[in-house]
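Work through the following exercises with the sequence and the structure open beside you. Try each task on your own before you read its solution.

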Amino acid sequence: MKRNEYAFTTRWRVQSTCREISDILGNAPDLVRWWPSVYLDVKELEPGNRQGIGQVVSLYTKGWLPYTLRWQFRVTANRHPFGFSLEAWGDFVGSGDWSFVQDGDWVNITYDWRVRADKPLLRRLSFIMKPIFSANHHWAMHKGEESLKLELARRRAKTIQERKAVPQPPGRTFSFNRD
């Protein structure tokens, strides 16, 4: 594996259904609302076909490190409600695969992310900073799991008061906008 190549497998377990998780994670523009610690801006550029295959999305993201990333993805497979696959380009180049498996009242969520960091800062510093860049990814995915659980609680709230009692998702970290 090259210095600027990364392979991550993230596993979450949430009380839900595959359909609900697929609907949440498959709605890319809504990431800004419920996962704001990572997703600063998300725009759908192309809708794709009826199954969402071919959908192109533009993303502006960050973790806890003081840099941002601009990248896009195209949905290459949709196994609704059991997951979807994507191809990424921009500051990241590679592929991601979300899979959802129902286990009683729970869903086991797996995200396999295989990317090459092409942003010049990341490409140049990966030889020494790879463990820190990896920690940044793990932080972002931890925030995603936390935010997803809060989103599920909001969706299940039966009253306005219950919905208001659900904490807001974790917000952004400091921002040194050094694109």
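## Exercise 1: Helices across the sheet

Describe how helix H1 and helix H3 are placed relative to the strands.

Solution. Begin with helix H1, residues 18-25, which lies across S1, S5, strand S6 (92-103) and strand S7 (106-117), and which runs at about 155° to S6. The model in which you are looking for these elements is a predicted one. Next turn to helix H3, which covers residues 120-156. Helix H3 lies across S1, strand S3 (56-62), S4, S6 and S7, and its direction makes an angle of about 15° with S1.

## Exercise 2: The order of the strands

Determine in which order the strands form the sheet, and find the edge strands.

Solution. Follow the pairing from one strand to the next, and you will find 7 strands in an open sheet, arranged as S1-S7-S6-S5-S4-S3-S2 with antiparallel pairing. At the edges are strand S1 (5-15) and S2, each of which pairs on one side only. When direction is ignored, neighbouring strands of this sheet are turned against each other by 20° on average.

## Exercise 3: Hairpins and bridge partners

Trace the chain from S3 through S4 to S5, and name bridge partners along the way.

Solution. Start with S3 and S4, which pair in the antiparallel sense over 7 bridges. The connection from S3 to S4 is a hairpin through 5 residues, and a bridge to look for here is that of Lys62, whose partner in S4 is Thr68.

Continue with strand S4, residues 68-78, and strand S5, residues 83-90, which pair in the antiparallel sense over 7 bridges. Here the hairpin passes through 4 residues. Within this pairing, Gln72 has Trp89 in S5 as its bridge partner, while Val75 has Leu86 in S5 as its bridge partner.

## Exercise 4: Buried or exposed?

Decide for Ser37, His142 and Ile128 whether each residue is buried, partly exposed or exposed.

Solution. The step of reasoning needs cut-offs: a residue is buried under 20% relative accessible area, exposed over 50%, and partly exposed in between.

Take Ser37 first, which is found in the loop between helix H2 (31-34) and strand S2 (39-46). The relative accessible area of Ser37 is 0%, so Ser37 is buried. To see what surrounds Ser37, leave aside its neighbours within four places in sequence; the contacts of Ser37 are then Lys62, Trp139, Lys143, Pro170, Gly171 and Arg172.

Now consider His142, which belongs to helix H3. With a relative accessible area of 46%, His142 is partly exposed. From C-alpha to C-alpha, His142 is 20 Å away from Thr17, and the two residues are 125 residues apart in sequence.

Finally look at Ile128, which is also part of helix H3. Its relative accessible area is 55%, and therefore Ile128 counts as exposed. Together with Leu121, Leu125 and Phe127, Ile128 makes a nonpolar surface patch of about 360 Å².

## Exercise 5: Salt bridges of helix H3

Find the salt-bridge partners of Glu151 and of Lys143, and compare how far apart the members of each pair are along the chain.

Solution. The structure holds 13 salt bridges, and three of them are treated here, beginning with the one between Glu151 and Arg33, in which the closest N and O atoms are 2.7 Å apart. This pair links distant parts of the chain, since Glu151 is in helix H3 and Arg33 is in helix H2, with their positions 118 residues apart. Glu151 is buried at a relative accessible area of 3%, whereas Arg33 is partly exposed at 41%.

The second salt bridge joins Glu151 to Arg154, with 3.3 Å between the closest N and O atoms. Because these residues are 3 residues apart in helix H3, about one helical turn separates Glu151 from Arg154. Arg154 is buried, its relative accessible area being 13%.

The third salt bridge is formed by the side chains of Lys143 and Glu146, at 3.6 Å from N to O. Here too the spacing is 3 residues in helix H3, so Lys143 and Glu146 are about one helical turn apart. Lys143 is buried at 18%, but Glu146 is partly exposed at 33%.

As a last step, place Glu151 in its wider setting: Asp30, Arg33, Glu151, Arg154 and Arg155 are linked in a network of salt bridges.

How values were computed:
Residues are numbered from 1 along each chain as its sequence is written. This is a predicted model: local features need pLDDT of at least 70, side-chain atom pairs count only at pLDDT 80 or more; totals for chains, interfaces and linings use all residues. Side-chain values use heavy atoms; hydrogens and water are left out. Helices (H or I, at least four residues) and strands (E, at least two) are DSSP runs, numbered from the N terminus. Buried means under 20% relative accessible area, exposed over 50%, partly exposed in between (1.4 Å probe, protein chains only). Contact means heavy atoms within 4.5 Å. Patches are made of residues with over 30% relative accessible area and no salt bridge: like charges are joined within 9 Å, nonpolar side chains (Val, Leu, Ile, Met, Phe, Trp, Tyr) within 5 Å. Accessible areas come from the Shrake-Rupley method with a 1.4 Å probe; for residues, only the protein chains shown count as cover. A salt bridge is a side-chain nitrogen of Lys or Arg within 4 Å of a carboxyl oxygen of Asp or Glu. Two strands pair if DSSP finds at least two bridges between them. Axes are lines fitted to C-alpha atoms, for helices over the stretch in contact, and angles run from 0 to 180 degrees between N-to-C directions.
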